[in-house]
Amino acid sequence: MGIYEELEWRGLIKDVSSPELRDKLNAGGMTFYIGTDPTGDSLHIGHFSSFLISKRLKDAGHNPILLVGGGTGLIGDPKPDSERPMITKEEVDHNYACLKKQAEDLFGFEVVNNFDWISKFSIIDWLRDVGKYFNIGYMLNKDIIKRRLDEGITYTEFSYMTMQAYDFLHLHNEKGVDLQVAGQDQWGNITAGIELVRRKQNEEVYGFTMPLLTKSDGTKFGKTNGKAIWLDAKKTSPYEMYQFFVNSEDDKVIDYLKFLTFLSKEEIEALEKSNKEEPHLRLAHKALAKEVITFVHNAEAYESAVKIADTFFKGDIKELSYEELKAGVADLEKVKIEDGAGLINTLVQVGACKSNREARDLINGSSIMVNGDKVTDINFTLNKKDAFNQEMTIIKKGKKFWYAVTF
């Protein structure tokens, strides 16, 4: 099947500007761009879903350009429910540099910054050369604007559409871009750009959007809905990423495989069959974790994540490096205790038990492990010199409850 049909099968096409786009995508040779604003210093898994489409299109013979909006990032794309907080020029510049490096390292594509051309306009030139081509009624009819009218929208946010539209015009003129790709929430901005090119230069360009990557409750992956899964290993370790995907919702994991991996239709259909008939094996979830982590980081990072997961499930944590150990307990609350604290009091302090009596019963019942060793002495104390790296001690209650303390 052609690239258009593959994208359709993967569920990666939502809105299309013209029926002609099917044949154009299948033919190859288009120059397209996809962008994001530098509101943070790392891409997250939502970006990854969108940016992967760049590689899919490149492999099909198209030429990608990634835009990181150092100009539009200073303004902020209107959110459905509130105005984005302004960030400083210094923050935007820092974030731009971080995202540019990430995008280049991950995808190897050309990265451009719209601050380079938007910043050259004076307000008068902008209104004369760009603003005159936008009809207020047309702008008010855009979905994101209509949704914000009752709550209120500032002129700054309202003007964002003109900036993104001009990006399309500029890249069309300077780099031959004839296609913009984005998430479905950007459809209004894409069509504004298409209309600007048509009105100003009487030329045809195209656009399509992809559905946003969502959880079962409809919330999307990203910084503002739940915990973000960052592509920067310092912000989200490969192990945390592994846990996230291995614990994905069963009814969404096949969608995630289609969105986030390059596994073939046949491979994904086989995993879908396994997910229905042998859900306890979680083969689809494990394949998802392997594909994403290997692409974003490398095979060694994936293998280390599996090692940590297996060790915490059924192995000896003493076999882990300190960095692996820290990754394994990254989500645990770290309770600070005094050097030489008694185990009974500590079990109550960390919430493993409700009372000293319950703690004694657990110790006597051989249900407590400290740093990988079973403890049966009710007078056992926790000492800094015995801690991992003399910093952290790990307590396990029963088969699956873990606690971390520091000194």
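Buried, in these notes, means under 20% relative accessible area. Asp15 has a relative accessible area of 18%, so I file Asp15 as buried. I keep in mind throughout that this is a predicted model.

**Entry 1: the Asp15 pair**

I started with the partner of Asp15. The side chain of Asp15 meets that of Lys14 in a salt bridge, 3.9 Å from N to O. The cut-off for a salt bridge is 4 Å, so this pair counts. Lys14 is partly exposed, at 45% relative accessibility. So I have a bridge between a buried acid and a partly exposed lysine.

**Entry 2: the whole chain**

Next I stepped back to the overall picture. I find 18 helices and 12 strands in the protein chain. The C-alpha trace spans about 85 × 45 × 35 Å along its principal axes. Of the 407 residues, 49% are buried. The accessible surface comes to about 19600 Å², and carbon and sulfur atoms account for 48% of that surface.

I also looked up how far along the sequence the contacts reach. Taking contacts between residues at least 6 apart in sequence, 70% join residues at least 24 apart.

**Entry 3: charges and other salt bridges**

I counted 53 positive and 63 negative side chains. The centres of the two sets lie 3 Å apart. Salt bridges come to 21.

I checked Lys101 and Asp105 next. Their side chains meet in a salt bridge at 2.7 Å, N to O. Why can these two reach each other? Lys101 and Asp105 sit 4 residues apart in helix α4 (residues 89-107), which means about one helical turn separates them. The textbook point fits here: an α-helix has 3.6 residues a turn, so residues three or four places apart point the same way. Lys101 and Asp105 are both exposed.

Then I went to Lys385 and Asp386. The closest N and O atoms of this salt bridge are 3.2 Å apart. Lys385 is exposed, with a relative accessible area of 60%, while Asp386 is partly exposed at 44%.

I also noted a network of salt bridges, which links Glu5, Glu8 and Arg22.

**Entry 4: nonpolar cores**

Which residues touch the most other members of the largest nonpolar core? I get Phe208 and Leu260, in a core of 74 residues. A second core, separate from that one, has 29 residues, including Ile65, Tyr133, Phe158 and Leu196. The general background is that nonpolar side chains tend to be buried together in soluble globular proteins.

**Entry 5: helix α12**

Leu260 led me to helix α12 (residues 253-260), where Leu260 is one of the buried residues. How many of the 8 residues of α12 are buried? The count is 7, so the helix is mostly covered. The buried ones are Val253, Ile254, Tyr256, Leu257, Lys258, Phe259 and Leu260. I note that a lysine, Lys258, is in that list.

I then looked for what does the covering. Among the elements over the buried residues of α12 are α1 (3-9), α3 (45-59) and α11 (238-246). The cover also includes α13 (265-277) and α14 (283-296).

**Entry 6: positive phi**

Most residues other than glycine have a negative phi. I therefore stopped at two that do not follow this tendency.

Ser366 is not a glycine, yet its phi is positive, about 60°. I find Ser366 in the loop between α18 (356-364) and β8 (368-370). At 33% relative accessible area, Ser366 is partly exposed.

Asn371 also has a positive phi without being a glycine, this time about 55°. Asn371 lies in the loop between β8 and β9 (373-374). Is Asn371 buried or exposed? Asn371 counts as buried, with a relative accessibility of 9%.

**Entry 7: Gly69**

My last stop was Gly69, in the loop between β2 (63-68) and α4. Gly69 counts as buried, its relative accessibility being 0%. What is Gly69 in contact with, leaving aside neighbours within four places in sequence? I list Thr36, Asp37 and Pro38, along with Asn113 and Asn114.

I also took one distance from Gly69, to Glu249, which is 180 residues away along the chain. The C-alpha atoms of Gly69 and Glu249 are separated by 33 Å.

Conventions
Residues numbered from 1 in each chain as written. Predicted model: local features only at pLDDT ≥ 70, side-chain atom pairs only at ≥ 80, totals over all residues. Heavy atoms only, no water. Helix = DSSP H or I, 4+ residues; strand = E, 2+ residues; numbered from the N terminus. Buried < 20%, exposed > 50% of the residue type's maximum accessible area, 1.4 Å probe, protein only. Contact = heavy atoms within 4.5 Å. Areas by Shrake-Rupley, 256 points an atom, 1.4 Å probe, with all protein chains shown as cover. Lys, Arg positive; Asp, Glu negative; His and termini not counted. Charge placed at Lys NZ, Arg CZ, Asp CG, Glu CD. Core = buried A, V, L, I, M, F, W, Y, C linked by side-chain atoms within 4.5 Å.
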